[in-house]
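Here are some short exercises to work through with the structure open beside you. Try each task on your own, then follow the solution step by step.

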Amino acid sequence: GWLVLGAAAGQNASAHDQHEHGYQAGGLALAVDQMVWMSNDMTGQGPLKLPKGFPMDASMMSGMQPAGDDRLQVDITLQNNSSGVQRYALTDFTAIAPSGQSWKYSDDGGTAVPTEAVLEPGFQATVALYFDVPNAQSKNLTIKWSRSGATVEFPVNTSGIIPSPHVH
């Protein structure tokens, strides 16, 4: 979600040279900033071995993931390294289980967020992607980014360790 915020608040990449952009696809560089699980049981801890909290009724919060699902939030920064305008889309991202089952992005809580935006040359945007994944499928996931004929995959790791690039 938050494409509008990310696109509108995109800052010139030279101000953020310290930010590592290891994944590349079609003129854009991608850096994984953070991955966290969100659950609808008032703990917000996702599929962790913690005592279960109080489950929230879907009517209490618009856009809440279904009961039995946990929401994976993946915060990324996209940077336009090309000399032309680049379009990016949430539909370019998929969460994939080892079984091959996959999930497209979910909305961020019911707000009307555009599914694509543009980046001018040298600019970047921070984007939060959300995937609603059944709790039983939440282990050993991979995020796949397909763009302009390139596919980049990186493992889901909510421990705070940022995955290293692997490009196909």
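**Exercise 1. The strand 10 and strand 11 hairpin**

Task: Find how many bridges join strand 10 to strand 11, and in which direction the two strands run.

Solution. Keep in mind that this is a predicted model.
- Step 1: Strand 10 and strand 11 are joined by six bridges and run antiparallel.
- Step 2: Pick one rung of this ladder: I143 has F154 as its bridge partner in strand 11.
- Step 3: Now look at the turn. The hairpin has two residues between the strands, and S148 takes a positive phi near 50° there. S148 is not a glycine, yet its phi is positive.
- Step 4: Check the surroundings of S148. With a relative accessibility of 61%, S148 counts as exposed, since the cut-off for exposed is over 50%.

**Exercise 2. Another positive phi**

Task: Locate N140 and decide whether it is buried or exposed.

Solution.
- Step 1: N140 sits in the loop between strand 9 and strand 10.
- Step 2: Its phi is near 55°, a positive value in a residue other than glycine.
- Step 3: The relative accessible area of N140 is 64%, so N140 is exposed.

**Exercise 3. Two faces of a strand**

Task: Sort the side chains of strand 11 by the face to which they point.

Solution.
- Step 1: Follow residues 150-155, which make up strand 11. A150, V152 and F154 point to one face and are buried.
- Step 2: T151, E153 and P155 point to the other face and are not buried.
- Step 3: Try the same on strand 8 (residues 116-119). There A117 and L119 share a face and are buried, while E116 and V118 point to the other face and are not.
- Step 4: Strand 8 has a partner too: four bridges join it to strand 5 (residues 86-89), and these strands run antiparallel. One of the pairings is between Q86 and L119 of strand 8.

**Exercise 4. Aromatic pairs**

Task: Find the two aromatic pairs of the structure and classify each of them.

Solution.
- Step 1: The structure holds two aromatic pairs. In one of them, the ring centres of Y23 and F154 are 5.1 Å apart and the planes meet at 40°, so this pair is tilted. The reasoning rests on the cut-offs: under 30 degrees counts as stacked and over 60 as edge-to-face.
- Step 2: Place the pair in the chain. Y23 belongs to strand 2 (residues 23-25) and F154 to strand 11, so the pair ties together parts that are 131 residues apart in sequence. Both Y23 and F154 are buried.
- Step 3: Turn to F93 and W145. Their ring centres are 5.8 Å apart and their planes are at 0°, so the pair is stacked.
- Step 4: F93 is in strand 6 (residues 93-96) and W145 in strand 10 (residues 142-147), so this pair ties together parts that are 52 residues apart in sequence. F93 and W145 are buried as well.

**Exercise 5. Into the core**

Task: Which residues touch the most other members of the largest nonpolar core?

Solution.
- Step 1: This core has 31 residues, and L30, V74, F131, I143, W145 and F154 touch the most other members.
- Step 2: Several elements give two or more residues to this core, among them strand 3, strand 4 and strand 9.
- Step 3: Take I143 and set aside its neighbours within four places in sequence. Its contacts then include L72, V74, F93, F131, V152 and F154.
- Step 4: Move on to L30, which is found in strand 3 (residues 28-38). L30 has a relative accessible area of 0%, so it is buried. From L30 to V152 the C-alpha distance is 9.6 Å, although the two are 122 residues apart in sequence.

**Exercise 6. The whole chain**

Task: Describe the chain by its elements, its burial and its contacts.

Solution.
- Step 1: Count the elements: the chain has one helix and eleven strands. Along the sequence, the helix is followed by the strands.
- Step 2: The chain has 168 residues, of which 40% count as buried.
- Step 3: Consider contacts between residues at least 6 apart in sequence: 78% of them join residues at least 24 apart.
- Step 4: The accessible surface comes to about 8500 Å², and 55% of it belongs to carbon and sulfur atoms.

Key:
Residues are numbered from 1 along each chain as its sequence is written. This is a predicted model: local features need pLDDT of at least 70, side-chain atom pairs count only at pLDDT 80 or more; totals for chains, interfaces and linings use all residues. Side-chain values use heavy atoms; hydrogens and water are left out. Rings of Phe, Tyr and Trp (its six-membered ring) pair if their centres lie within 6.5 Å; planes under 30 degrees apart count as stacked, over 60 as edge-to-face and the rest as tilted. Buried means under 20% relative accessible area, exposed over 50%, partly exposed in between (1.4 Å probe, protein chains only). Contact means heavy atoms within 4.5 Å. Accessible areas come from the Shrake-Rupley method with a 1.4 Å probe; for residues, only the protein chains shown count as cover. Two strands pair if DSSP finds at least two bridges between them. A nonpolar core is a set of buried Ala, Val, Leu, Ile, Met, Phe, Trp, Tyr and Cys residues joined through side-chain atoms within 4.5 Å.
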